[in-house]
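Colleague: Before we go through the model, could you take my questions in turn and give the reasoning behind each reply?

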Amino acid sequence: MTNHYDVAIIGGGPAGQAAALTLDDLKLKTVVIDEQPRAGGQILRQPPRSFQIPAWMEDRTYAPLVKLLRRFEAQTSINWIGSHSVIGLRRRPDGLFTLTLCSPDGLRLVTAARVLIAAGCQDLAVPLPGWTLPGVYSAGGMQALLKAQRIVPGGHIVLAGTHPLQLLIAAQIVEAGGSVAAVLFSQPRGTMLKAGIRNGLRALDQLSAAFPAIRALATLRRHGVKVLYNAPIQAICGTDRVAAAQHPGGEIVCDAVGLCYGFVSQSSLPRMMSAKMRKAGPAGGWATLCDEWMQSSIPGLYVAGETTGIAGANAAMASGKIAGFGIAAELGAISQDEAARRVSRHRANHRSLLRFARLLDEIADPRPFFPALRDDTLVCRCEEVALAQIDPVLDGRSANAVKLVTRCGMGLCQGRNCEPTLLRLLDNPDDPGFTARFPARPVAIGDLAT
């Protein structure tokens, strides 16, 4: 069975919600598709409906996002398809789009006149000795467990990397009753301060966005948590699970490590469509190029939020509103002049938030601080491909060629985790990375055969 909509939105985070509400207000038939059963995205990962968490996301930092989420959930005229992955997207000769959706119940098709990809981002996977031990997480993965299930994944936790988000996650862990042994920043504190001073004047109107990190530092100080600078994590020690985190000053005993080096855009669907891309930023990955209305180089295909580059939830919300008005004007639900008038303040806010995102990029730049790899360090976890297997075939080859020779990138994650590392090893600025192909997510062969 195929359902048709005016607009299909891929992603139920702040960008997708903001766009959907804008389109719904203008009476366009809209569907929002997300891999999670409930809306919210990673920033507002919700617990199951049967599981209540007192004071869930009540910190004032999240207040505008929670307000948006509650309005979205209350709007019954917006169609919601949760627990479904979009594994295929194509533009038909008649200009309509066909989306192939996958769930535990099989495949289904959706068609739409316009598509908005607001698929968000994921933690940058950073290999280092010991990173495959049980007890090693991405910091975002730790946070998702805490938000959605109130699970603290470890008795004594170390957070390590270059991104200030690890301060917020560490504070959330201790406030939930967990224990954080230390927060390790790879870069010296002076390096971070200089980057902030150097770029702060360009982002003065958004410097209040730094307050959550300041409050998190105060929380960690009250709980006696060590925050160390110029302390890059070098290895994770243990036999059958995490036992300690090693840095130049010694080892810190722990049973869980959260790595936090930044984030990369979810780009498989726009790349599958051959939309024009750009290198996303210091953490790596690919961002989709778009015009002032958030339309990509593919007519009728729009992008918003982290799909266009990592800039945070508030910027994603602003870009979703811009995309919503752009799509509505193209479909004739509102005049171009009226759309331009109503979107002007969202554009100004978006530009301001992007300036702050560039400041954060420089503060958190992981490139000088990636851990050294050993020959036996796995670069591709899915296919268990170690550095020793990749090194001999790097010279002059493309990412696709290395993939064919070594199977790096052929596993379940389809290269999402190992591609940034492989591109750093290749050190070729012109390499476009792995070719994105159908299906965008793992799918059972039996489902494809039906």
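Colleague: Is Glu330 buried, exposed or partly exposed?

Modeller: This is a predicted model, in which local features need pLDDT of at least 70 and side-chain atom pairs count only at pLDDT 80 or more, while totals for chains, interfaces and linings use all residues. Residues are numbered from 1 along each chain as its sequence is written, and side-chain values use heavy atoms, with hydrogens and water left out. Buried is under 20% relative accessible area, exposed is over 50%, and partly exposed is in between, with a 1.4 Å probe and protein chains only. Because the relative accessible area of Glu330 is 33%, the residue is partly exposed.

Colleague: Which residue forms a salt bridge with Glu330?

Modeller: A salt bridge here needs a side-chain nitrogen of Lys or Arg within 4 Å of a carboxyl oxygen of Asp or Glu, and in this pair the closest N and O atoms are 3.1 Å apart. One partner lies in strand β6 and Glu330 in helix α8 (residues 313–330), so the contact ties together parts that are 216 residues apart in sequence; helices (H or I, at least four residues) and strands (E, at least two) are DSSP runs, numbered from the N terminus. The partner counts as buried, at 17% relative accessibility. The residue is Arg114.

Colleague: Where does Arg347 lie, the residue that meets Glu292 in a salt bridge?

Modeller: The side chains of Glu292 and Arg347 come to 3.9 Å, N to O. Glu292 is exposed, with a relative accessible area of 54%, whereas Arg347 is buried at 16%. The pair links distant parts of the chain, 55 residues apart, with Glu292 in the loop between β18 and β19 and Arg347 in helix α9.

Colleague: On which residue is the kink in α9 centred?

Modeller: Helix α9 (residues 336–364) has 29 residues and reaches 39 Å from its first C-alpha to its last, close to the 42 Å expected, where the expected span is 1.5 Å times one less than the number of residues. The bend at a residue is the angle between axes fitted to the seven residues ending there and the seven starting there. The kink in α9 is about 45°, and its centre is Val343.

Colleague: Why are Glu338 and Arg341 separated by about one helical turn?

Modeller: Glu338 and Arg341 form a salt bridge whose closest N and O atoms are 2.6 Å apart; Glu338 is partly exposed at 26%, and Arg341 is exposed at 55%. An α-helix has 3.6 residues a turn, so residues three or four places apart point the same way. The separation is about one helical turn because Glu338 and Arg341 are, within helix α9, 3 residues apart.

Colleague: In which sense do β9 and β10 pair?

Modeller: Strands pair if DSSP finds at least two bridges between them, and strand β9 (residues 157–161) has 5 bridges with β10. Among these, Val158 is partnered with Ala182 and Ala160 with Leu184. Of the residues of β9, 5 of the 5 are buried, so this strand is largely enclosed by the rest of the structure. The sense of the pairing is parallel.

Colleague: Which residue does a cis peptide bond join to Phe438?

Modeller: The bond has an omega of about -5°. The residue joined to Phe438 lies in the loop between α12 (419–426) and α13 (445–449). That residue is Pro439.
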